[in-house]
Amino acid sequence: MFNIIIAKNEHSNNVKEKTKKILEIFELLGVGLVAGFINGFFGAGGGLLLVPMLSFAAKADAKKAHATTLMCVLFMCIASSIIYFTKGQYDWKLILICGIGSVIGSLVGTKLLRKLKNNIIDIIFAAILVIAGVCMLVF
């Protein structure tokens, strides 16, 4: 009789764990959907939202959230870029010039990120968001 009770409890726990994992997957799909929409609609910004959403939804620390966001942004940019490319909306001169700078900046930023503590990264990221918001309102 005790074996039946134990088996029922184990089965119940397995169902709860599977349900929790499925809900986590849907939550992360929702996070990606929102970030992808913002990125596609505004041409950028999905990554800015993705960092805090991954920190909250996936309980990722700052370094993991930033690194994961970069890969997610890659997919968002590929998807959006295909549409912009087919519409002929690129300025190849700007892409080349900004692209060179962005590669150099990315390398420097990645090396710095690896050396900083998570709480410092969070403070810097929050400050950049505030500055960007103020600039958008003022300029």
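How close do the axes of helix 3 and helix 5 (residues 118-138) come, and at what angle do they cross? In this predicted model, the two axes come within 8 Å and cross at roughly 55°, an angle that falls outside the ranges for roughly parallel, roughly antiparallel and roughly perpendicular pairs, and helix 3 and helix 5 are therefore oblique to each other. Helix 3 (residues 62-86) also packs against helix 2 (residues 46-57), with axes that come within 9 Å and cross at roughly 135°. The points below take up these two contacts, the nonpolar core, and a few individual residues.

**Helix 3 with helix 5**

- On the side of helix 3 the contact is made by Ala62, Lys63 and His66, and on the side of helix 5 by Asn118, Ile121, Asp122 and Phe125.
- Sorted by class, this contact of helix 3 with helix 5 has three nonpolar, two polar and two charged residues.
- Ala62, which is placed in helix 3, has a relative accessibility of 4% and so counts as buried, the cut-off being under 20%.
- Leaving out residues up to four places away in sequence, Ala62 touches Asn118, Ile121 and Asp122.
- Ala62 and Asn119 are 57 residues apart in sequence, yet their C-alpha atoms are 7.7 Å apart in space.

**Helix 2 with helix 3**

- Given the crossing at roughly 135°, helix 2 and helix 3 are therefore oblique to each other, and helix 2 passes helix 3 in a right-handed crossing.
- Helix 2 contributes Gly46, Gly47, Leu50, Val51, Leu54 and Ser55 to the contact, while helix 3 contributes Ala65, His66, Thr68, Thr69, Cys72, Val73 and Met76.
- By class, the contact of helix 2 with helix 3 has seven nonpolar and six polar residues, and no charged residues.
- In the loop between helix 2 and helix 3 sits Lys59, whose phi is near 55°, a positive value in a residue other than glycine.
- Lys59 has a relative accessibility of 67%, and because the cut-off for exposed is over 50%, Lys59 counts as exposed.

**The largest nonpolar core**

- Ten residues form the largest nonpolar core, namely Val31, Ala35, Leu50, Val51, Leu54, Ala57, Ala60, Ala65, Met76 and Phe125.
- Helix 1 (2-42), helix 2 and helix 3 are the elements that each give two or more residues to this core, and the largest share, four residues, comes from helix 2.
- Leu50, one of the core residues, is in contact with Val31, Ala35, Thr69, Cys72 and Met76 once its neighbours within four places in sequence are left aside.
- Phe125 belongs to this core and is also one of the helix 5 residues that make the contact with helix 3.

**Asn39 and Ser80**

- Asn39 lies in helix 1 and is buried, with a relative accessible area of 5%.
- Beyond residues up to four places away in sequence, Asn39 touches Ala44, Gly45, Gly46, Met76, Cys77 and Ser80.
- Ser80, which lies in helix 3, is likewise buried, with a relative accessible area of 14%.
- With its neighbours within four places in sequence set aside, Ser80 is in contact with Asn39 and Gly40.
- Met76, one of the residues touched by Asn39, is also a member of the largest nonpolar core, and Met76 takes part in the contact of helix 3 with helix 2 as well.

Terms used: Residues are numbered from 1 along each chain as its sequence is written. This is a predicted model: local features need pLDDT of at least 70, side-chain atom pairs count only at pLDDT 80 or more; totals for chains, interfaces and linings use all residues. Side-chain values use heavy atoms; hydrogens and water are left out. Axes are lines fitted to C-alpha atoms, for helices over the stretch in contact, and angles run from 0 to 180 degrees between N-to-C directions. Angles under 35 degrees count as roughly parallel, over 145 as roughly antiparallel, 65 to 115 as roughly perpendicular and the rest as oblique. A crossing is left-handed if the near helix is turned anticlockwise from the far one by less than a right angle, and right-handed if clockwise. Contact means heavy atoms within 4.5 Å. Ala, Val, Leu, Ile, Met, Phe, Trp, Tyr, Cys and Pro count as nonpolar, Asp, Glu, Lys and Arg as charged, and the others, Gly among them, as polar. Buried means under 20% relative accessible area, exposed over 50%, partly exposed in between (1.4 Å probe, protein chains only). A nonpolar core is a set of buried Ala, Val, Leu, Ile, Met, Phe, Trp, Tyr and Cys residues joined through side-chain atoms within 4.5 Å.
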